[in-house]
Amino acid sequence: MNRPVDGITTASATPKLRSRKDGAAVPLDDTDKRLMNLLQSSFPLHREPFGEVAAKADLDTEEAMSRTQRLLDERIIREITPIFDTRALGYSSMLVAAKVDSDNPHRAAKIINSHPGVSHNYLRTHEFNLWFTIATPPDSELGLAGTLEVLQRLTGAESIRQLPTLTLFKINMNLEMEGGTDELAASAEAAPPRELEPQPYDDVDVAVIRALQGPMEVTDRPYDGPASEAGMGTEEFLAHLGGMVERKLLRRVAAILYHRRAGFSANGMGVWRVPEEKIDEVGAEMAAVRGISHCYQRPTYRDWPYSVFTMAHGRSKQECDAILDGIAEQHGLHGDDRAVLYSSTEFKKIRLHYFTDDYARWEAEHR
């Protein structure tokens with residue numbers, strides 16, 4: 001068995017499959033699906049946002065709210081929450097691939113999950129079996145590299161590979177509830193890559209973020225409470241949020257789904273060996289595919305030649321395969337030019353909370 005210190009081998013290792021809590025899909029009618037598409041795309045920055053959503057869904061406001069609450073109660077919608085831009089706020093973040101004990105990955109996952117900046121952590125079908133995203137705040141004493149050193153020591157990971165984002169082509173976890181496989185595999189207009197540089201912000205921005213982050217309540221005027229907490233009137237608060245969107249601090253407010261409960265039982269991380277001179281063009285075109293939620297350029301290594309990463313979500317492995325196979329056909333990437341890593345267990349998936357004391361406490365405990 002290969003035991004690299006800092007490299008990824010292409011030898012495969014199959015993790016033990018384990019059931020996921022709340023994993024079964026729940027039947028949804030067409031109105032539920034239409035409503036979920038609207039809530040995922042953007043929850044309005046409006047004093048009565050459910051009224052705006054209801055009008056687009058051809059529902060009255062009361063029904064839109066009652067359906068939304070039911071979808072939350074039945075754990076189909078995870079939460080309605082602001083989605084802030086981690087890097088714009090000055091946080092350092094990256095995807096990490098770790099090679100941990102395949103017989104007991106839960107132990108390592110529990111340690112990794114204890115860090116408040118770990119938002120996603122999956123067991124995947126690869127010799128590097130734990131894949132997680134992690135962020136550290138601007139005032140972190142350990143920093144990202146130091147934090148990963150601690151996690152490697154605590155977990156006993158045989159190797160850890162750092163895979164930071166070099167170019168962000170797409171991040172939009174918006175599952176297509178109404179369309180089928182053809183719609184998921186279809187391409188739309190390619191958007192330009194997003195900037196990743198930290199943006200200026202002030203104490204008012206921090207107060208707004210602290211007040212709004214976390215699940216939003218299903219009420220007529222859900223922004224009233226956070227606005228009051230931030231010491232603002234609702235209209236002033238909403239105007240400030242609009243300005244944060246323009247300044248790239250806030251991407252949007254939106255519903256986040258439990259994938260499996262919403263019927264999307266599979267997600268595959270497609271990785272692609274794209275020639276350096278074509279990465280910008282090909283990455284943008286891959287990002288335009290409806291069934292791709294995330295698309296990044298990441299660094300390559302001698303034993304990891306894949307420069308572009310895409311996350312595909314489908315109602316089955318076959319649907320994910322169709323999305324990724326369509327990309328392969330479009331760009332002539334076959335054989336050793338591509339690989340797919342499927343997740344078998346979701347150990348953690350949360351929205352990050354910013355400007356909290358949790359990070360400093362974790363560092364004090366684990367230094």
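Is Leu142 buried, exposed or partly exposed? Select Leu142 and find out; just keep in mind that this is a predicted model. With a relative accessibility of 22%, Leu142 comes out as partly exposed, because buried would need a value under 20%.

**Stop 1: around Leu142**

Zoom out a little and you'll see that Leu142 sits in the loop that links strand 4 (130-136) to helix 5 (143-155). Now show its contacts. Leaving aside residues up to four places away in sequence, Leu142 touches Thr147, Val150, Trp362, Glu363 and Arg367. Next, put a distance label between the C-alpha atoms of Leu142 and Ala360: you should read 9.5 Å, for two residues that lie 218 apart along the chain.

**Stop 2: Phe355**

Stay in that part of the numbering and pick Phe355. Phe355 belongs to the loop between strand 11 (338-349) and helix 12 (358-366). Check its backbone: phi is positive, about 55°, although Phe355 is not a glycine. Switch on the surface, too. Phe355 counts as buried, since its relative accessibility is 16% and the cut-off for buried is under 20%.

**Stop 3: helix 7 against helix 9**

Select residues 203-212, which make up helix 7, together with residues 234-246, which make up helix 9. How are the two helices set against each other? They pack at an angle of about 105°, and their axes are 11 Å apart. That makes helix 7 and helix 9 roughly perpendicular, because angles of 65 to 115 degrees fall in that class.

Now show side chains where the two helices meet. On the helix 7 side, pick Val204, Asp205, Val208, Ile209 and Leu212; they meet Phe237, His240, Leu241 and Met244 of helix 9. Colour this contact by residue class and you get 7 nonpolar, 1 polar and 1 charged.

**Stop 4: Lys248**

Follow the chain out of helix 9 and select Lys248, in the loop that leads to strand 7 (250-257). Here is another backbone to check: Lys248 has a positive phi, near 70°, and is a residue other than glycine. As for the surface, Lys248 is partly exposed, with a relative accessible area of 39%.

**Stop 5: two cysteines**

Finish with Cys295 and Cys320. Cys295 is buried, at a relative accessible area of 0%. Cys320 is buried as well, with a value of 0%. How many disulfides does a search of the whole structure find? The count is 0, so no pair of cysteine sulfur atoms lies within 2.5 Å.

Notes:
Residues numbered from 1 in each chain as written. Predicted model: local features only at pLDDT ≥ 70, side-chain atom pairs only at ≥ 80, totals over all residues. Heavy atoms only, no water. Helix = DSSP H or I, 4+ residues; strand = E, 2+ residues; numbered from the N terminus. Buried < 20%, exposed > 50% of the residue type's maximum accessible area, 1.4 Å probe, protein only. Contact = heavy atoms within 4.5 Å. Axes fitted to C-alpha atoms, helices over the stretch in contact; angles between N-to-C directions. Parallel < 35°, antiparallel > 145°, perpendicular 65-115°, else oblique. Nonpolar A, V, L, I, M, F, W, Y, C, P; charged D, E, K, R; others polar.
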